[in-house]
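The following exercises concern aromatic rings and their surroundings. Please work through each task before reading its solution.

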Amino acid sequence: MNFNLSEEHKMIRDAARDFAQAELLPGVIERDNKQQFPDELVKKMGDLGFMGIMVDPKYGGSGLDTISYVLIMEELSKIDASASVIVSVNNSLVCYGLEAYGSEEQKQKYLTKLATGEYVGAFCLSEPEAGSDATSQKTTAIDKGDHYLINGTKNWITSGGRADVYLVIAQTDRDKGSHGINAFIIEKGTPGFDIGPKEDKLGIRGSDTHTLQFNDVKVPKENRIGVNGSGFRFAMKTLSGGRIGIAAQALGIAQGAYELAIKYSKQRKAFGTEICNHQAIAFKLADMYTEIEAARMLVMKAAADKDAGENYDKSSAMAKLYASKVAMEQTIEAVQIHGGNGFVKEYHVERLMRDAKITQIYEGTSEIQKIVISRSILRD
């Protein structure tokens, strides 16, 4: 086992860190306050190759491994989780889904633009009554011969208002259960496809989250992804990789909060000395560092499993479960270390705390991760 990063990985990490500090940090509080989508920053991330990190260069991607993806996600998330979730969804769910399961025509038409950031992608699985229970799809896709007719509602869709391309999961044959589900590519502006108001969220407020409505949306047969009935497997396998991205996001949020806390503890004085010299604070920092390092090992293990071609369903679930728990707990501690200033926006830690919560919910709640893990260990 080698726990050291290669020189290439260090360069990738440093490039992402420099971008986050120089480009994401200025204006991050304002974007959070105004719920402002970072349009120009997304274009810049596309130019740097961050929107298609693992995509083959022949489709316009960077051709990097999952370890590189995790490193980039962590650095972006330390500063702006709203920007990083746009990167995560575009990479893990949309680009991966198309590259792994799409036809060559679909890759040439859509993946080449998504990987460069010219297009932004959205992944549409959740519904009002089908969040954790993804088999209970109410959105239907009726086979009409040369096309499908799609009707239904999708909720909590990241980049829902800004995306150009939407991967939509829908039920074609309810009698077949999970084997009657398909995945479709739908472009913004397709007749009958309406975007609802933006959600007013607790955290990741700079990302765009919307409800989507499909009313007799006509989708050509060539826009179905994979063979008939493969949509549920497509969604579940895609989400396994997505969990690595969100685990890395949680890790970055926790690491960013820790770095702010340790910096503050060395500047703030109480009872005649810097507060880091008080055992109560020093022990908090020790626990934060240890928990974050443990989360990092789980995230890197999941990424390494994916890169090695191993089954990463269990390791990605473990990484997301634990890293999101650490993000929530350690951002709370960072606010506590900051005292009254931790409650003030200019110190950033209150935003990181708000952003942390969603990592325990989206792309599979913590409870769902425990189901995945328990089924895996009981099957072994």
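**Exercise 1.** Determine which ring the charged end of Lys 221 sits over.

*Solution.* In this predicted model, the ring to consider is that of Tyr 148, whose centre is 5.3 Å from the charged end of Lys 221. A charge counts as sitting over a ring only if it is within 6 Å of the ring centre and within 35 degrees of the ring normal. A further case is Lys 237, which lies over the face of Tyr 312 at 4.5 Å from the ring centre.

**Exercise 2.** Classify the ring pair of Tyr 258 and Tyr 289 as stacked, edge-to-face or tilted.

*Solution.* First, take the distance: the two ring centres are 5.8 Å apart, and rings pair if their centres lie within 6.5 Å. Next, take the angle: planes under 30 degrees apart count as stacked and those over 60 as edge-to-face. The planes of Tyr 258 and Tyr 289 stand at 55°, so the pair is tilted. Finally, place the partners: Tyr 258 belongs to helix 7 (residues 231–267) and Tyr 289 to helix 8 (residues 279–307), so that the pair links parts of the chain 31 residues apart.

**Exercise 3.** State whether Tyr 258 is buried or exposed.

*Solution.* Buried means under 20% relative accessible area. Tyr 258 has 11% relative accessibility and therefore counts as buried. Its partner Tyr 289, with a relative accessible area of 45%, is partly exposed.

**Exercise 4.** Identify the residues that ring pairs link into a cluster with Phe 123.

*Solution.* The structure holds nine aromatic pairs. Ring pairs join Phe 123 with Tyr 96, Tyr 101 and Phe 234 in a cluster.

Note on methods:
Residues are numbered from 1 along each chain as its sequence is written. This is a predicted model: local features need pLDDT of at least 70, side-chain atom pairs count only at pLDDT 80 or more; totals for chains, interfaces and linings use all residues. Side-chain values use heavy atoms; hydrogens and water are left out. Rings of Phe, Tyr and Trp (its six-membered ring) pair if their centres lie within 6.5 Å; planes under 30 degrees apart count as stacked, over 60 as edge-to-face and the rest as tilted. Helices (H or I, at least four residues) and strands (E, at least two) are DSSP runs, numbered from the N terminus. Buried means under 20% relative accessible area, exposed over 50%, partly exposed in between (1.4 Å probe, protein chains only).
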